[in-house]
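Hi,

Here is the structure I said I would pass on. Have a look at it first, then read my notes below.

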Amino acid sequence: MDHTETTEKKKIILSGIQPTGVFTLGNYLGAVKNWHEMQEEYLCYYFIADLHSLTIHMEAAKRRAQTREAFALLLACGIDPEKSLVFVQSHNKFHAEMGWIMDCCSQFGELSRMTQFKDKSAKHPDNINAGLFTYPALMAGDILLYQADYVPVGADQTQHLEFTRDVATRFNHNYGETFKLPEGYFPKAGARVMSLQDPTSKMSKSDENPKATISILDEENVIMKKFKAAVTDSEASVHASEDKPGVTNLMTIYSAITGKTMEAVTKEFAGCGYGDFKEAVGTAVADELRPVREEYKRILDDRAYLDSEMKKGAERATAIASRTLTKVKKRVGLLLES
Ligand code: TRP
């Protein structure tokens with residue numbers, strides 16, 4: 001498919017995903033589950049942010065494996081490479097080139113104020129590398145290269161998106177109108193899933209307690225076990241309320257998967273004990289994730305398919321990005337090769 005010509009009217013959604021860790025049920029019900037439908041309305045560009053991942057030390061073999069896994073995961077979660085663009089960031093060398101130009105448009109002061117830089121430096125005091133510091137400039141380049149309209153961002157990335165808009169505005173002002181200003185994308189639908197062990201905090205893939213999160217690749221028996229062990233309360237009545245965050249969370253999950261309203265869920269489990277209720281939620285989740293897990297395994301085992309999709313994605317991404325980069329180079333006065 002030609003992304004540049006045939007679908008000009010669709011708005012572009014772009015997101016980068018670091019090749020670290022698998023999505024949780026929270027990511028899935030909050031966003032990933034809707035990807036499938038989003039492809040009809042938008043042009044979706046997703047890439048594995050392997051260049052960004054270099055800011056954290058990791059064994060080469062592990063990084064390679066995780067990059068492949070992340071790519072397979074995107075496809076398994078319903079991204080259709082015929083409709084959307086999926087690629088690995090480093091396969092389009094223009095990201096690095098654009099990153100340098102963006103570095104030169106970023107101020108030391110504003111980069112110093114990034115909370116993620118402060119958090120990550122505190123977490124890895126032995127590896128506060130320059131890439132960690134200029135990370136937002138590389139990210140700004142990722143977004144601006146594709147003239148993205150929307151970027152789905154979690155709370156931890158809103159500051160980086162704001163930074164991207166600042167850099168783009170400054171560039172447009174200094175060199176002439178070049179970049180579209182990207183906006184945050186906040187999906188209409190999407191449940192907020194909480195930890196199974198501490199239902200007052202969000203389910204997070206970095207949680208140290210494995211019982212608190214469901215990975216979308218968890219096997220059925222693991223899923224059932226985690227739901228059985230989910231924290232609830234002593235009232236033994238299935239209804240949502242503020243003082244019952246555990247039960248409310250389980251109901252939210254069930255409702256998001258089945259499409260039933262919270263009232264319908266309350267009715268369905270009236271007079272039912274927590275044991276049976278948890279079993280029903282666990283079963284619903286296991287049934288929902290089974291095809292994703294199976295598809296993931298299938299794709300990951302088919303190395304030829306995976307490689308060929310990566311190659312196609314890289315070619316398309318490069319073609320799109322080269323148009324913006326050429327314009328940018330002209331604007332700043334880099335001589336174009338003839
Ligand atoms: N920084 C993002 C994260 O850690 C990953 C990322 C890199 C990204 N480039 C991007 C996200 C561009 C959106 C757009 O989650």
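Before anything else, a term you will need: two strands pair if DSSP finds at least two bridges between them. Keep in mind, too, that this is a predicted model.

Let's start with strand S2. Lysine 11 sits opposite tyrosine 42 of S2. That is part of a wider pairing: strand S1 (residues 11–17) and S2 run parallel and are joined by seven bridges. S2 has another partner as well, since strand S3 (residues 85–88) pairs with S2 in the parallel sense, this time over four bridges. Two of the matches to look up there are tyrosine 45 with leucine 85 of S3, and tyrosine 46 with valine 86 of S3.

So how enclosed is S2, which covers residues 42–48? Seven of its seven residues are buried, so the strand is largely enclosed by the rest of the structure. If you follow its side chains, Tyr42, Cys44, Tyr46 and Ile48 point one way, while Leu43, Tyr45 and Phe47 point the other way. S3 can be read in a similar manner: Leu85 and Phe87 go one way, Val86 and Val88 go the other way, and all are buried.

Now for the aromatic rings. The structure holds 14 aromatic pairs. One of them joins tyrosine 42 and tyrosine 150, edge-to-face, with 6.0 Å centre to centre and 85 degrees between the planes. Why is this pair worth finding on the sequence as well? Tyrosine 42 belongs to strand S2 and tyrosine 150 to strand S4 (residues 150–152), so the pair ties together parts that are 108 residues apart in sequence. Tyrosine 42 has a relative accessible area of 10%, and because buried means under 20%, it counts as buried.

Another pair to look at is phenylalanine 117 with phenylalanine 133. Their ring centres are 5.0 Å apart and their planes meet at 75 degrees, so this pair is edge-to-face. Phenylalanine 117 lies in helix H7 (residues 115–123) and phenylalanine 133 in helix H8, so here the parts tied together are 16 residues apart in sequence. Both phenylalanine 117 and phenylalanine 133 are buried. You can also pick out an aromatic cluster made of Tyr45, Phe47, Phe87 and Tyr146. Tyr45 and Phe47 are among the S2 residues that I listed above, and Phe87 is one of those from S3.

Last, the ligand. Which residues come nearest to it? Of the 13 around the ligand, they are Gly16, Tyr135, Met139, Asp142 and Gln157. By type, the shell divides into seven nonpolar residues, five polar and one charged.

There are some polar contacts to find here:

- Tyrosine 135 has a side-chain N or O atom 2.7 Å from a nitrogen atom of the ligand.
- Aspartate 142 also has a side-chain N or O atom 2.7 Å from a ligand nitrogen.
- Glutamine 18 has a polar side-chain atom 3.5 Å from an oxygen atom of the ligand.

On its own, the ligand has 360 Å² of accessible area, and the protein covers 89% of that. The elements giving two or more residues to the shell are S1 and helix H8 (130–145). H8 gives the most, with four residues. So S1 turns up in two places, in the pairing with S2 and in the shell around the ligand.

Happy browsing!

How values were computed
Residues are numbered from 1 along each chain as its sequence is written. This is a predicted model: local features need pLDDT of at least 70, side-chain atom pairs count only at pLDDT 80 or more; totals for chains, interfaces and linings use all residues. Side-chain values use heavy atoms; hydrogens and water are left out. Buried means under 20% relative accessible area, exposed over 50%, partly exposed in between (1.4 Å probe, protein chains only). A residue is near a molecule or strand if one of its heavy atoms lies within 4 Å of it. A polar contact is a pair of N or O atoms within 3.5 Å; within protein, one must be able to donate a hydrogen and the other to accept it, and residues adjacent in sequence count only if both atoms are side-chain atoms. Accessible areas come from the Shrake-Rupley method with a 1.4 Å probe; for residues, only the protein chains shown count as cover. Ala, Val, Leu, Ile, Met, Phe, Trp, Tyr, Cys and Pro count as nonpolar, Asp, Glu, Lys and Arg as charged, and the others, Gly among them, as polar. Rings of Phe, Tyr and Trp (its six-membered ring) pair if their centres lie within 6.5 Å; planes under 30 degrees apart count as stacked, over 60 as edge-to-face and the rest as tilted.
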